[in-house]
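Student: I am new to this structure. Could we go through it step by step?

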Amino acid sequence: MDEAPGLSDQYRTASPWPVFIALGIPISELGLLFGLFPLAVGGLLLFGGSVVGILKESGYVTSTIRAVTALAVIFLAFGAGLAFTDIALVTRGYAVIAAAILLAVGGIVFELFVREQRQTF
Amino acid sequence: MEVNGQLALTVLMGVFLIAVAAWLARVEDWRSYTPLAGGGTVGGTAEQYVSEEKPSGVIRWLTTVDHKDIGMLYGAYALVAFAVGGLMVVLMRIELADPSMTLISNTFYNSLLTSHGITMLFLFGTPIIAAFSNYFIPLLIGADDMAFPRINAIAFWLLPPAALLIWAGFFPIPDVIPAQTAWTMYTPLSAGVGSGNQMNAGVDLMLLGLHLSGVSATMGAINFIATIFTERNEKVSWANLDIFSWTILTQSGLILFAFPLLGSAIVMLLLDRNFGTMFFSVDGGAILWQHLFWFFGHPEVYILVLPPMGIVSLVLPRFAGRRLFGFKFVVYSTLAIGVLSFGVWAHHMFATGIDPRLRASFMAVSLAIAIPSAVKTFNWITTMWNGKIRLTTPMLFCIGFVSNFIIGGVTGVFLASIPVDLVLHDTYYVVGHFHYIVMGAIAFAGFAGLYYWFPIYTGRMYQVTLGKWHFWLSMVGTNLTFFAMILLGYGGMPRRYATYLPQFATLHQVATVGALILLVGQIIFVWNFVQSWLEGREVQDGDPWDLADDDLVTAEWTWFERKLETAVTDGGEDETELATDGGQTVDDADAESADDA
C-alpha cells in the first residue's frame, strides 16, 4: 500500500543471485546425501556466497564480511555436529567444515581486495 | 579409480565455481556503472532508474525478479512438464491397449506410472497455478510486485533442478534407474527394503527433487501470503478482494502447513534409506508413512484445486454477463474447504485396518467437504442461469470444468463412505475419480486461464476455431478415458498394473482411444498456442472480451489497457507499414497497376 511502502517499492527487476541459490541447494544436498565431498563443498560455497550476495544487494545486511562470517559460523556448527557427535558422518561433516573455512577465506579476500578495487572506479 | 573420480569432480566443481564468479563479476557490473550513467538524481533516485531497466536476451530471463516474467517462466515450465507427463501416459495407455506385456516392460511401466503422477502434480499442477498467481495477483490487488521479488525468483529456479532430479532415472546415467514407488512412495517399498531394486539411487534422486519442489512451493506460499496481506492497493479491501486472490491466499495457507510436512517425511525416508535410521522400518512404520504422507497428500488435492476454482469463479461470470452469484459464500466455502481439508486424510487409509472409530470420524468430515464444494458448484450454475452466455473458448473450458467437477466430486462422495470404499479401494474407480478432478477440472481451468488471459501476456489473440477444437477433443477425450476407468473400477480392475485379465480389454481400449483423442487435442493446443503467439492478430483494445459492456472489467484488464496506451513509444513491432510519402498504404495490386502505368 502506498502509505506503508515495503521493501519492494524500490527494487531492481533483475538480480543474478536467485539462480545460484537455487543451484547451490540441490548441488550441496546431492553432495551431502551421497557423500561426494567436492559437490558438497562447492554447492555450499555457491549457496553461501549467493545468500550473502542477495542479502547485500537487497540491503538486509550492510557488511559483506559480517554476513559471510555469520554464515560460516552456522556451517561450522552444522559440520562439527555431523563430524564430532554421535551422528558420526565424518566425511560429510568435514565437507561442511571445509565449505565454512573456504567461505570465510573468500569473504576476507573479497573484503580486502575486491571491494577496494570496485570503490576506486 | 575412486580418487580419480573425486579429483575429476573437484576440478569440475572448481571450474564451475570460477565460471559462476566470473559471470557474476560481469553481470554485477551493471550496478557499478548505473549510478554514473543515471547522472543526477533529480526527481528520483538512481535505484528507481535501474528498476525500469532489464538486461536483454537470455540474461533477462535468468536474472529477472519481475513477477510477470517469473509468471511466464512458471507457465513455460509447467507446459513443458505437462507435455512430458502427458507423453509418459500416452505410452502407458498404448501399452494398456492389450492385456499382456507388449510394448514396454512392466518395470518401465511402473517407472512411467510413478513419474507421470509426480510430474503432473508437482511439476505441472503447482507451477501452472503459480504462473497465473505470479502474473495476475499483483495486478489484481494493485501491488507493484510480490512482497519478496527475489525469493519469488529463487522459488522458481528451484524447480528446474527438481525436475531433472525427479526424471534422473530416465537419463542414461550408469547404475541409476527410475523410481517405481508410485507417487505415494509407500514404505517399505520406498525404503528399499526387500529383494526389489528400489534401494537404487534413482529413488533418492527422485525424493530429493520432490523435496526441492516442496521447498519451492513453500517459499512461493509465504510470498503470496505476505503480498496479499501487505501489498494491496489502498482501494482493495478484504471486502472487495477478488475471488482468485482469495483462493490463492487459502491455497498458500494450506501449502504452509502441508508442504513442510512432506519435506520432513521425505527427509526421514532419505535418512532411513541412507543413514540407517528406522523411522519407517519399526512396527507401525508403514502406517506412520501413510499418516504423514496423507496429512500432506489430501490438503495437496485442495492446494491444486482451489486456485483453479478461483480462475473459474473469475472467468465464468465474465462470459455469463453477470457478477458471480453468492460471491461471499464462494469465499466462505473456499475457507471452509481449506480448514476441512486437514481433517480428512485418513479416508485414504480406510482399508489399512485403522481403528473403526477413527475411520467413522474421517468419513464424516470427508462427506462434509461435499457441502462447500456443492455451494461452489451451485453458485457457478446459478451465475450462468438466465445469464447472457457467450461460448468463447475460456467459457467452454469453465463449463467443462463444472461438468467434470460434478462427476469427479460425486464419485468422490461415494469413496468417502467406508463400506463403498472398502469395495472400490485400489481399483480404477479411484483413478477415474481423481482424474476427473485433476484433468477434467484442474487442467481445464488452467486452459480457461491460458485462453482468457492470452491477449494480456502475448499481446495477441489465439485462433478461435483451433481453441474450440482443443476444447471439444479434450472434453470428449477426458470423459471417454476416465468414465471407462470408473466402469473398470466397478468391474474390479485393480489400479497400477501393467497387465490385466482379458475381460477388461474392451474398456481399457476405450480409455486408450480417449487418451489418444486427448493427445490430438493437446497437439492442436500447442500449435495454436505457439503459432498465435508468434503470428496471431495483435490486440489493439485493452478490453478484447468486451467486458465493459456488462461492467465486468477487472483490474488486470485496466492495467493492460494502460500498458497498450503507453506502449507506443517503445513500438518497434508495429505491423502496419506506413508508406514513405506519409499517405495511405497501397496493396500489391494497386502498386503493380501503378507500375504498369
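Tutor: Gladly. This is a predicted model. Start with H1(A) and H2(A), which pack with their axes 7 Å apart at an angle of about 155°.

Student: How are H1(A) and H2(A) oriented to each other?
Tutor: Take the angle between their axes, about 155°. Angles over 145 degrees count as roughly antiparallel. H1(A) and H2(A) are therefore roughly antiparallel.

Student: Which hand does the crossing of H1(A) and H2(A) have, and how do the residues of their contact divide by class?
Tutor: H1(A) passes H2(A) in a left-handed crossing. Among the contact residues are Trp17(A), Phe20(A) and Ile21(A) of H1(A), and Leu39(A), Phe47(A) and Glu57(A) of H2(A). By class, the contact divides into 15 nonpolar, 7 polar and 1 charged.

Student: What elements does chain A have, and in which order do they run?
Tutor: Chain A has 4 helices and 0 strands. Of its 121 residues, 45% are buried. From the N terminus on, the order is α-α-α-α.

Student: Which helix gives the most to the side of chain A that touches chain B?
Tutor: The contact takes 36 residues from chain A and 45 residues from chain B. On the chain A side, helix H1 (17–34) and helix H2 (37–57) each supply at least two residues. By class, that side has 23 nonpolar, 7 polar and 6 charged residues. With 12 residues, the helix that gives the most is H1(A).

Student: Is helix H7 of chain B largely enclosed or largely open, and what covers its buried residues?
Tutor: H7(B) spans residues 149–157, and 9 of the 9 are buried, so the helix is largely enclosed by the rest of the structure. Among the buried residues are Arg150(B), Asn152(B) and Trp157(B). The cover includes H1 and H2 of chain A, together with H5, H6, H8 and H9 of chain B.

Student: Which helix supplies the largest share of the largest nonpolar core?
Tutor: The largest nonpolar core has 190 residues. Inside this core, the residues with the most contacts are Leu158(B), Val312(B) and Ala448(B). The largest share of the core is 19 residues, and they come from helix H6 (residues 106–141) of chain B.

Student: Which residues is Ala448(B) in contact with?
Tutor: Leave aside its neighbours within four places in sequence. Ala448(B) then touches Pro394(B), Phe397(B), Cys398(B) and Phe401(B). The other contacts of Ala448(B) are Ile311(B), Val312(B) and Val315(B).

Student: How are H12(B) and H14(B) oriented, and how do the residues of their contact divide by class?
Tutor: The axes of H12(B) (residues 327–340) and H14(B) (residues 370–384) come within 8 Å and cross at roughly 155°. H12(B) and H14(B) are therefore roughly antiparallel to each other, and H12(B) passes H14(B) in a left-handed crossing. Phe329(B), Val330(B), Ser333(B), Ala336(B) and Ile337(B) in H12(B) meet Pro372(B), Ser373(B), Val375(B), Lys376(B) and Asn379(B) in H14(B). By class, this contact has 6 nonpolar, 3 polar and 1 charged residues.

Student: Does Ile406(B) count as buried, partly exposed or exposed?
Tutor: Ile406(B) is found in helix H15 (residues 393–416) of chain B. A residue needs 20 or more C-beta neighbours within 10 Å to be buried, and 12 or fewer to be exposed. Ile406(B) has 17 inside 10 Å, so Ile406(B) counts as partly exposed.

Student: How far apart in space are Ile406(B) and Gly440(B)?
Tutor: In sequence, Ile406(B) and Gly440(B) are 34 residues apart. In space, C-alpha to C-alpha, the distance between Ile406(B) and Gly440(B) is 10.0 Å.

Methods
Residues are numbered from 1 along each chain as its sequence is written. Chains are lettered from A and ligands numbered from 1 in the order in which they are written. This is a predicted model: local features need pLDDT of at least 70, side-chain atom pairs count only at pLDDT 80 or more; totals for chains, interfaces and linings use all residues. A nonpolar core is a set of buried Ala, Val, Leu, Ile, Met, Phe, Trp, Tyr and Cys residues joined through C-beta atoms within 7 Å. Two residues are in contact if their C-beta atoms, placed from the backbone, lie within 7 Å. Ala, Val, Leu, Ile, Met, Phe, Trp, Tyr, Cys and Pro count as nonpolar, Asp, Glu, Lys and Arg as charged, and the others, Gly among them, as polar. Axes are lines fitted to C-alpha atoms, for helices over the stretch in contact, and angles run from 0 to 180 degrees between N-to-C directions. Angles under 35 degrees count as roughly parallel, over 145 as roughly antiparallel, 65 to 115 as roughly perpendicular and the rest as oblique. A crossing is left-handed if the near helix is turned anticlockwise from the far one by less than a right angle, and right-handed if clockwise.
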